[in-house]
Amino acid sequence: MSTPLEQVMAAAAAVAQSGHTPSLALIKARLNNKLPMPVLIEGLQRFKSLPESEREKLLEDGPQQQETVPQQQAVTTVEVLRQEISWLRQEQHQLKQEFAALQQRLAKLEGQQ
C-alpha cells in the first residue's frame, strides 16, 4: 500500500494524464475525499515540483486504480464542483451586500459635506 502522499501524487499524475490541470478539487474527487486537506496540499505541491520524467514514473509505479469506477469519480467531481459553485454564489451575495452598504455609507458621507 502506498503512503497518502504517494496516493495524492499518483492521483495528480492521473488527472494530468487525462488532460486536466491537477487541482485540489479534482484530486480530492479522484481519491473520494478520504484524505485530510494538508496532505492533499502537500502532495499537490510535491507533484508540481517534480520534473516531467518523474511525473511519468508516478503513473508507471502508482497503483493502477485508474478508471475502475469512472462514473463514480465523475459524480464525485460534479458534486465537488456543485459545492464550490454554491460557496462562490454565497460569497458573491455577501460581497454584493457589503458593497451596497459601503455605497450607502459613502452617499451619507458625501451628503454631509
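Student: In this predicted model, is Glu42 buried, partly exposed or exposed?
Tutor: The relative accessible area of Glu42 is 33%. Because buried requires a value under 20% and exposed a value over 50%, the 33% of Glu42 falls in between, and the residue is classed as partly exposed.

Student: With which residue does Glu42 form a salt bridge, and where do the two partners lie?
Tutor: Both partners belong to helix α3, which covers residues 37-49, and they are 4 residues apart, about one turn of the helix. The partner of Glu42 is itself partly exposed, with a relative accessible area of 40%. The closest N and O atoms of the pair are 2.7 Å apart, and as the cut-off for a salt bridge is 4 Å, the contact qualifies, the partner of Glu42 being Arg46.

Student: How many salt bridges does the count come to?
Tutor: The pair formed by Glu42 and Arg46 is a salt bridge, with its closest N and O atoms 2.7 Å apart. By the rule applied, the count comes to 1.

Student: Which residues does Leu5 touch, leaving out those up to four places away in sequence?
Tutor: Leu5 is found in helix α1, and with a relative accessible area of 19% it is buried, because the limit is under 20%. The C-alpha atoms of Leu5 and Leu40, although 35 residues apart along the chain, are separated by 7.4 Å. With neighbours up to four places away in sequence set aside, the residues that Leu5 touches are Val39, Glu42, Gly43 and Arg46.

Student: How many of the 14 residues of α1 are buried?
Tutor: The end C-alpha atoms of α1 are 20 Å apart, which agrees with the 20 Å that its 14 residues should span at 1.5 Å a residue. Among the buried residues of this helix are Leu5, Gln7 and Val15, and just after the helix Gly19 takes a positive phi of about 95°. The helix is largely enclosed by the rest of the structure, because the number of its residues that are buried is 10.

Student: Which element gives the most residues to the largest nonpolar core?
Tutor: In soluble globular proteins, nonpolar side chains tend to be buried together. The largest nonpolar core here has 12 residues, including Val8, Ile27, Leu35, Leu44, Phe47 and Leu58. Two elements, α1 and α3, give two or more residues to this core, and the one that gives the most, with 5 residues, is α1.

Student: What relative accessibility does Ala12 have, and which residues surround it in the contact list?
Tutor: Ala12 lies in helix α1, and its C-alpha atom is separated by 9.5 Å from that of Lys28, 16 residues apart along the chain. Not counting residues up to four places away in sequence, Ala12 touches Pro22, Ile27, Leu44 and Phe47. Ala12 counts as buried because its relative accessibility is 0%.

Student: Which residues are in contact with Phe47, leaving aside its neighbours within four places in sequence?
Tutor: Phe47 is one of the residues of the largest nonpolar core, as are Met9, Ala12, Ala13 and Leu58. With neighbours within four places in sequence left aside, the residues in contact with Phe47 are Met9, Ala12, Ala13, Ala16, Pro22, Arg55 and Leu58.

Student: In which helix is confidence lowest?
Tutor: The secondary structure of the protein comes to 5 helices and 0 strands, and the mean pLDDT of the protein is 82, with 83% of its residues at 70 or more. Over residues 64-69 pLDDT stays under 50, and for that stretch the model has 8 contacts beyond four places in sequence. Confidence is highest in α3, at a mean of 89, whereas the helix where it is lowest, at 75, is α4.

Student: What percentage of the residues of the protein count as buried?
Tutor: The accessible surface of the protein comes to about 8,300 Å², of which 55% belongs to carbon and sulfur atoms. Among contacts between residues at least 6 apart in sequence, 57% join residues at least 24 apart. Of the 113 residues of the protein, the share that counts as buried is 24%.

Conventions
Residues are numbered from 1 along each chain as its sequence is written. This is a predicted model: local features need pLDDT of at least 70, side-chain atom pairs count only at pLDDT 80 or more; totals for chains, interfaces and linings use all residues. Side-chain values use heavy atoms; hydrogens and water are left out. A salt bridge is a side-chain nitrogen of Lys or Arg within 4 Å of a carboxyl oxygen of Asp or Glu. Buried means under 20% relative accessible area, exposed over 50%, partly exposed in between (1.4 Å probe, protein chains only). A nonpolar core is a set of buried Ala, Val, Leu, Ile, Met, Phe, Trp, Tyr and Cys residues joined through side-chain atoms within 4.5 Å. Contact means heavy atoms within 4.5 Å. The expected span of a helix is 1.5 Å times one less than its number of residues. pLDDT is the predictor's confidence in each residue, from 0 to 100. Accessible areas come from the Shrake-Rupley method with a 1.4 Å probe; for residues, only the protein chains shown count as cover.
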